[in-house]
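Thanks for coming. I will take a few minutes to go through one structure, and you can follow on the screen.

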Amino acid sequence: MALKIIASTCTGCSACEPECPNVAIREKGGTFIIDPAKCTECEGQFDAPQCISVCPVDGCIKPA
């Protein structure tokens, strides 16, 4: 399963991008997107998805 960033709530702060251990997050048009082929929701690496842990906007990153 993969996560997705809700573009309408993303502030473009970039906090999530460097935290992704799979390099699945990139900037596109002022907001960030998650490549579903690379996203593992950090399973097997961390207790929780790292992007959600650092995102300052509640509910911005959700399961796809």
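The secondary structure here comes to 1 helix and 4 strands. Going along the sequence, the order is β-β-β-α-β. Please keep in mind that this is a predicted model.

On overall dimensions, the C-alpha atoms fill a box of roughly 30 × 20 × 20 Å along the principal axes. The radius of gyration is 10 Å, and a compact globule with 64 residues would have a value near 11 Å, so the two agree. As for burial, 31% of the 64 residues count as buried.

Now the strands. Strand 2 covers residues 25-28 and strand 3 covers residues 31-34. In which sense do these two pair, parallel or antiparallel? They pair in the antiparallel sense, over 4 bridges. To pick out a bridge, Glu27 has Phe32 in strand 3 as its partner. The hairpin formed by strand 2 and strand 3 has 2 residues between the strands, and Gly29 takes a positive phi there, near 65°.

That brings me to backbone angles. Most residues other than glycine have a negative phi. Ser14 is not a glycine, yet its phi is positive, at about 75°. Ser14 lies in the loop between strand 1 and strand 2. With a relative accessible area of 30%, Ser14 is partly exposed.

Cys42 also has a positive phi, near 65°, and is likewise a residue other than glycine. Where is Cys42 found? It sits in the loop between strand 3 and helix 1, the helix being residues 50-54. Is Cys42 buried or exposed? Its relative accessible area is 6%, so Cys42 counts as buried.

Next to Cys42 in our list comes Glu41, which lies in the loop between strand 3 and helix 1. Glu41 has a relative accessible area of 16%. The cut-off for buried is under 20%, so Glu41 is buried. Glu41 and Leu3 are 38 residues apart along the chain, and their C-alpha atoms are separated by 6.5 Å.

Another glutamate to look at is Glu17. Its place is the loop between strand 1, residues 3-5, and strand 2. Glu17 has a relative accessible area of 34%, which means that it is partly exposed. Glu17 and Gly59 are 42 residues apart along the chain, with 17 Å between their C-alpha atoms.

Let me turn to the cysteines. How many disulfides does a search of the whole structure find? The search finds 0. Take Cys10, which is in no disulfide: the nearest cysteine sulfur belongs to Cys60 and is 4.9 Å away. Cys10 is buried, at a relative accessible area of 16%.

Then there is Cys13. Why is there no bond from Cys13 to the closest cysteine sulfur? That sulfur is in Cys55, 6.0 Å from the sulfur of Cys13, and this is too far for a bond. The cut-off for a disulfide is a pair of sulfur atoms within 2.5 Å. In terms of accessibility, Cys13 is partly exposed, at 41%.

The last topic is the space inside. The structure holds 2 cavities of 30 Å³ or more.

The largest cavity contains about 90 Å³ of space. Its lining is made up of 14 residues, and those nearest its centre are Cys10, Cys13, Cys16, Cys55 and Cys60. So the cysteines I have just discussed, Cys10 and Cys13, turn up again here, together with Cys55 and Cys60. By class, the lining of the largest cavity has 11 nonpolar residues, 3 polar ones and no charged ones.

The second largest cavity has a volume of about 70 Å³. It is lined by 13 residues, and the closest to its centre are Cys20, Ile25, Cys39, Cys42 and Cys51. Cys42, then, is the buried loop residue from a moment ago, and it is listed among those closest to the centre of this cavity. Which classes make up the lining of the second largest cavity? There are 10 nonpolar, 2 polar and 1 charged residues.

To recap, we have 1 helix and 4 strands, a search that finds 0 disulfides, and 2 cavities of 30 Å³ or more. I can take questions now.

Conventions
Residues are numbered from 1 along each chain as its sequence is written. This is a predicted model: local features need pLDDT of at least 70, side-chain atom pairs count only at pLDDT 80 or more; totals for chains, interfaces and linings use all residues. Side-chain values use heavy atoms; hydrogens and water are left out. On a 1 Å grid over the protein atoms alone, a cavity is a set of points where a 1.4 Å probe fits but cannot get out, and a pocket is an open set with protein on both sides within 12 Å along at least five of seven lines; lining residues have an atom within 4 Å of a point. Grid points are joined across faces, edges and corners, and a volume is the space filled by probe spheres set on the points. Ala, Val, Leu, Ile, Met, Phe, Trp, Tyr, Cys and Pro count as nonpolar, Asp, Glu, Lys and Arg as charged, and the others, Gly among them, as polar. Buried means under 20% relative accessible area, exposed over 50%, partly exposed in between (1.4 Å probe, protein chains only). Two strands pair if DSSP finds at least two bridges between them. The radius of gyration is taken over C-alpha atoms; the globule rule is 2.2 Å times the number of residues to the power 0.38.
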